[in-house]
Amino acid sequence: MSIKMQEIEAESLAEQFIALGLDKGVEVLDVACGTGVVGEEIRAAGYTNVDGLDPSQGYLNGAMAKGIFRKVYKAYIDPDTPTPIEDNTYDALLCCAGFFQGLISPLGFTELLRITKPGGIIAWNIATGYEAYGRDYERYDEIIMGLVRQRSWEFAQPVKKHEKMCFTDCGASYLRGWNTTGGIQCEGYTYIMRKLAEQF
């Protein structure tokens, strides 16, 4: 079983989420939310039940000051240490630029699945060259497909390959030395997965 891909022009993760057409009342968690770039974009589209999670209290303070999130969690996504979020809490998880060297490991997918409702969406983007991010990322594709084989999740859409992916928020800030007001464009991929059944 291989990962199917399609090439598209640049678009943000938020734009791709909005295009799914989910009900505006769904519960959404912006993972590695930074100062809330993704959350702000989906709120402008009518999604108001949006929370944020990030390990940086400074980022969270900035996002809350702008009124983007209902509430926030100061936490890492760690495969060995669960977040304080209860099982099956969110209808959709979005993670822009969180899967990067020194940030979230692909082993953290199980924690994202735990806090997502069955049938819920988990969407993220990642830059090309991820295989060089570290040992866990050498197994990135294997980890994703292993969870497919376990029937933990499925591809809600084929993986999208971007020549100019909009890579914003926390990851961009990490790359640019804590500049939280913009982003970068780079080659990369967007994954949109659907949780299949209760696994945890």
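**Notebook: Y137, strand β5 and the cysteines**

I started at Y137, which lies in helix α5, residues 135–138. I note here that the model is a predicted one.

Entry 1, Y137. I asked whether Y137 is buried or exposed. Y137 counts as buried because its relative accessibility is 4%, and the cut-off for buried is under 20%.

Next I looked up which residues touch Y137, setting aside those within four places of it in sequence. The contacts are F99, F100, I104, S105, P106, I126, Y130 and E131. I then looked at I104 in more detail. Its backbone oxygen is 2.3 Å from a polar atom of the Y137 side chain.

I also checked Q101 against Y137. The two are 36 residues apart along the chain, and their C-alpha atoms are 8.7 Å apart.

Entry 2, strand β5. I moved to strand β5, residues 90–95. How many of its six residues are buried? I found that five are, and I wrote the strand down as mostly covered.

I then looked up the pairing of β5. Strand β2, residues 28–31, runs parallel to β5 and is joined to it by four bridges. In this pairing V31 stands opposite C95 of β5. Strand β6, residues 116–127, also runs parallel to β5, with five bridges joining the two. Here I noted that Y90 has T116 in β6 as its bridge partner.

What do β5, helix α4 and β6 make together? They make a β-α-β unit, and I recorded its hand as right-handed. Helix α4 covers residues 109–114.

Entry 3, the cysteines. I searched the whole structure for disulfides and the search gave zero. C95 is therefore in no disulfide, and its nearest cysteine sulfur, that of C96, is 7.7 Å away. A disulfide needs the two sulfur atoms within 2.5 Å. Why does C96 form no bond with C95? The closest cysteine sulfur to that of C96 is the one in C95, and 7.7 Å is too far for a bond.

I finished with the accessibility of these two cysteines. C95 has 3% relative accessibility, so C95 counts as buried. C96 has 2%, so C96 counts as buried as well.

Methods:
Residues are numbered from 1 along each chain as its sequence is written. This is a predicted model: local features need pLDDT of at least 70, side-chain atom pairs count only at pLDDT 80 or more; totals for chains, interfaces and linings use all residues. Side-chain values use heavy atoms; hydrogens and water are left out. Buried means under 20% relative accessible area, exposed over 50%, partly exposed in between (1.4 Å probe, protein chains only). Two strands pair if DSSP finds at least two bridges between them. A crossover is right-handed if, with the strands pointing away from the viewer, the path from the first strand over the helix to the second runs clockwise. Contact means heavy atoms within 4.5 Å. A polar contact is a pair of N or O atoms within 3.5 Å; within protein, one must be able to donate a hydrogen and the other to accept it, and residues adjacent in sequence count only if both atoms are side-chain atoms.
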